[in-house]
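Visitor: I have a structure to look at and many terms to sort out. Can we go through them one at a time?
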Amino acid sequence: TVAGSDIRQMQAKLASVGIASVYGGAHSNHATEMALVSFPDGSYLELMGIQPHAEAAVVAGHVWAKFLQQNAGPCAWAMRDKNLAAEVSRLKAAGVAVSAPVASGRTRPDGVRLEWETSDVGGETRGTFFPFLIEDRTPRDKRAFPQGKPLTREFRGVTRVVIAVRNLDDAIARYRQAYGVPRPIKQVDRSFEGYLALLGNLPVVLAQPLNGGSWLAERIERFGEGPCAFVLAAVNPGHFKGQAQAPAKTRWFGAEISWLDEEKLGWRLGFEAAR
């Protein structure tokens, strides 16, 4: 999820770096609305903004109110689960805090009703440190592919969620407790201003600030721990090189990562070659 105050403006900024999105409708909470970019692997980027005539009190009470009102960009992420009750039980048995499933939904602009259940993991703000869990009650393709197919085939999907954390070793320990992943691979990226850790086959990179003056440290101070960037798998990376910042290329764990123009976009979105 990418949060901001104005969904149309967010769509326009994404289009300015060559990525189209489609409006997905207002949520039933009288506070938020969304647009999305869906990918062939079933993952998608959700742009979430504030409804034009939203109820101020409802917006203020929204779990992502600060992210929305302050145009935070990346704010949360989710993982689909086909058996939410079983995953909730597994996490509880592992000693990880997890909430009971809660029903939610929205109606697409074409009138199609979408329904799902979610659970929050870890005790922090929903979907920040750990992903929140979602199980669809209506066909997931209706939610992920509002036009009946992926919106773009330029990218295969979201490959990495980059999570800003205060202490890398503490964050690693919590992820290993929750998901049983092996010991991570670590590296330093001075251009990203972070100590990084890759957690097995999870689509997660943990990033601890290099120092107190880094943009990562400033982001954690402002928004807390949580997603600070997303990385996509590009089918033809060269097609988007013109939209990348210069110099804005680095290598993460053997893969070349390029970053789209942050000044145009307003947040950090990268891409690597699809494998």
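**Spaces and strands**

Guide: This is a predicted model. Its largest cavity holds about 40 Å³ of space.

Visitor: What makes this space a cavity?

Guide: A 1.4 Å probe fits there but cannot get out, so the space is called a cavity. The count of cavities of 30 Å³ or more comes to 1.

Visitor: Which residues line the largest cavity?

Guide: Among them are Phe-67, Cys-75, Thr-128, Arg-219 and Glu-225. Helix 7 (215–223) and strand 14 (226–234) each supply at least two residues of this lining.

Visitor: How many of the lining residues of the largest cavity are nonpolar, polar and charged?

Guide: The lining has 5 nonpolar, 3 polar and 2 charged residues. Phe-67 lines the cavity. Phe is on the nonpolar list, so Phe-67 counts as nonpolar. Arg-219 is in the lining too. Arg counts as charged, so Arg-219 belongs to that class.

Visitor: How much space lies in the largest pocket?

Guide: About 1,000 Å³. Of the 37 residues that line this pocket, the closest to its centre are Tyr-44, Ala-78, Phe-132, Ile-134 and Arg-143. Strand 7 (102–107) is one of the elements that give two or more residues to the lining. Strand 7 gives the most, with 5 residues.

Visitor: Why is it called a pocket and not a cavity?

Guide: A pocket is an open set of points, whereas from a cavity the probe cannot get out, so the two names stay apart. By class, the pocket lining has 19 nonpolar, 11 polar and 7 charged residues.

Visitor: How do you know that strand 1 and strand 4 pair?

Guide: Pairing needs at least two bridges. Strand 1 (residues 2–3) and strand 4 (residues 44–50) have 2 bridges, so they pair. Their sense is parallel. In strand 4, Leu-47 is the bridge partner of Val-2.

Visitor: Which sheet order includes strand 1 and strand 4?

Guide: The order is 2-3-4-1-5, in an open sheet of 5 strands with mixed pairing.

Visitor: What makes strand 2 and strand 5 edge strands?

Guide: Strand 2 (22–26) and strand 5 (73–74) each pair on one side only. Helix 1 (residues 7–16) packs on the sheet, and its direction makes about 145 degrees with that of strand 4.

Visitor: How do strand 11 and strand 12 run, parallel or antiparallel?

Guide: Strand 11 (residues 185–189) and strand 12 (residues 194–198) run antiparallel, joined by 5 bridges. Val-188 stands opposite Tyr-195. The two strands form a hairpin with 4 residues between them. In the turn, Glu-193 has a positive phi of about 65 degrees.

Conventions: Residues are numbered from 1 along each chain as its sequence is written. This is a predicted model: local features need pLDDT of at least 70, side-chain atom pairs count only at pLDDT 80 or more; totals for chains, interfaces and linings use all residues. Side-chain values use heavy atoms; hydrogens and water are left out. On a 1 Å grid over the protein atoms alone, a cavity is a set of points where a 1.4 Å probe fits but cannot get out, and a pocket is an open set with protein on both sides within 12 Å along at least five of seven lines; lining residues have an atom within 4 Å of a point. Grid points are joined across faces, edges and corners, and a volume is the space filled by probe spheres set on the points. Contact means heavy atoms within 4.5 Å. Axes are lines fitted to C-alpha atoms, for helices over the stretch in contact, and angles run from 0 to 180 degrees between N-to-C directions.
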